[in-house]
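Trainee: I am new to this structure and would love a close look at one part of it. Could you walk me through the salt bridges and then show me some places around them?

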Amino acid sequence: MTLGERQVTGQVNFNSHTDTVVRMAVALVNLLTPGEDRSRAYEPPAGAERAAALNALFKSAGSKSTVTSAEAEAFVPVSADLRAVFCSVAAGAIDDAAHQVNDLLSATGAHPALERHDGEPWHIHFHSADETSLAKGWAAGCATGLAIVLGGELYDRLGVCTAPHCDRVYVDISRNGSRRFCSTACQNRVKAAAFRERHS
C-alpha cells in the first residue's frame with residue numbers, strides 16, 4: 001500500500017475524496033461517452049436529459065452541484081478526455097495515461113485545498129482555477145484523483161470492460177485486483193457464453 005491508501009473489509013480504498021472523484025470519473029465516462037454497453041449500442045443522453053442525468057449523478061454522490069442543459073454540455077469533452085485515460089491504462093500504455101492526466105491537470109489549473117464541512121474532519125478537495133465552471137471543477141477533481149491512482153502501486157486498477165460488445169469503464173477496488181468487467185451482468189454474460197461453448 002502506498003501513502004493515502006488503505007484496505008477495509010476486503011476492498012482497496014484511497015482517501016475518501018479520492019474515492020469519490022475516481023468513482024465520479026467512472027460514472028461520467030459511462031454516462032456521457034458513446035459506445036457499447038452490455039451488448040447494446042449506447043448513445044449518451046442529450047439536452048435536458050443530459051442535465052437531469054448529471055444532476056441525479058451528483059445527488060447520488062452527495063454533491064450539491066446542479067447543472068443546466070447548457071452547463072451539462074461542457075461535461076461531454078471532459079468525459080471523452082477521462083475515457084482516454086482508462087483506455088490507455090487498459091492497453092498497458094501507462095506513460096500515455098500519465099501524460100493525458102497531466103494535460104487535464106494543466107488545462108484545469110487543478111490545485112488541492114484542505115476543507116472541512118458537514119461535520120467531517122479536514123480533508124483534501126481538488127479545485128480548478130476557474131471556480132465558475134462546474135465542468136472544469138469536476139475535471140480538475142477527477143484528474144487529480146486519477147493522478148493519485150496512477151502515481152501509486154494500484155495504477156492498474158483502472159480498466160475497460162473486457163466483455164464482448166461492452167466498453168464501459170470501471171475502477172477495481174477488490175483486494176486481489178482481479179476485476180475485468182464493468183458489472184456483474186457482463187461477468188455473468190461471459191461466464192454463460194463460456195459454459196455454452198464448453199458444452200456445445
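Mentor: Happy to; what follows begins with how far to trust the model, moves on to the salt bridges, and ends with three single residues.

Please keep in mind that this is a predicted model. The protein chain has a mean pLDDT of 88, and 91% of its residues reach 70 or more. Confidence is highest in helix 4, at 98, and lowest in strand 1 (residues 6-8), where the mean is 37. Over residues 1-10 the pLDDT stays under 50, and for that stretch the model has 28 contacts beyond four places in sequence. Where pLDDT is low, the predicted coordinates should not be read in detail.

Now to the part you asked about. The count of salt bridges comes to 3. Let us start with Asp167, whose salt bridge with Arg83 has its closest N and O atoms 3.9 Å apart. That falls inside the cut-off, because a salt bridge needs the nitrogen and the carboxyl oxygen to be within 4 Å. This pair ties together distant parts of the chain: Arg83 belongs to helix 4 (residues 75-90), while Asp167 sits in the loop between strand 7 (158-160) and strand 8 (169-171), and 84 residues separate the two. Arg83 is buried, with a relative accessible area of 13%.

Asp167 has another partner as well. Its side chain also meets that of Arg168 in a salt bridge, at 2.8 Å from N to O. Arg168 counts as buried too, at 3% relative accessibility. Through these shared partners, Arg83, Asp167 and Arg168 are joined into one network.

There is also a salt bridge between the side chains of Asp37 and Arg38, with 3.5 Å from N to O. Here the two partners fall into separate classes. Asp37 is buried, at a relative accessible area of 19%, because the limit for that word is under 20%. Arg38, at 35%, is partly exposed.

With the salt bridges in view, let us visit His17, which lies in helix 1 (residues 16-32). The C-alpha atoms of His17 and Arg83 are separated by 20 Å, and the two residues are 66 apart along the chain. His17 is buried, with a relative accessible area of 12%. Setting aside residues up to four places away in sequence, His17 touches Ile124, His125 and Phe126.

Next comes Ser128, found in the loop between strand 6 (123-127) and helix 6 (134-150). Ser128 counts as buried, at 1% relative accessibility. Its side chain reaches the backbone oxygen of Asp130 at 2.8 Å. Beyond its neighbours within four places in sequence, Ser128 is in contact with Thr108, Gly109, Ala110 and His111, and also with Lys136, Gly137 and Ala140.

Finally, look at Thr66, in the loop between helix 2 (47-60) and helix 3 (69-73). Thr66 is exposed, having a relative accessible area of 57%. Leaving out residues up to four places away in sequence, Thr66 touches Asn55, Glu71 and Leu134. Thr66 and Leu134 are 68 residues apart along the chain, yet their C-alpha atoms are separated by 8.5 Å.

If you keep one picture in mind, let it be the network of Arg83, Asp167 and Arg168, joined by salt bridges that share partners.

Definitions and conventions: Residues are numbered from 1 along each chain as its sequence is written. This is a predicted model: local features need pLDDT of at least 70, side-chain atom pairs count only at pLDDT 80 or more; totals for chains, interfaces and linings use all residues. Side-chain values use heavy atoms; hydrogens and water are left out. Buried means under 20% relative accessible area, exposed over 50%, partly exposed in between (1.4 Å probe, protein chains only). Helices (H or I, at least four residues) and strands (E, at least two) are DSSP runs, numbered from the N terminus. A polar contact is a pair of N or O atoms within 3.5 Å; within protein, one must be able to donate a hydrogen and the other to accept it, and residues adjacent in sequence count only if both atoms are side-chain atoms. Contact means heavy atoms within 4.5 Å. pLDDT is the predictor's confidence in each residue, from 0 to 100.
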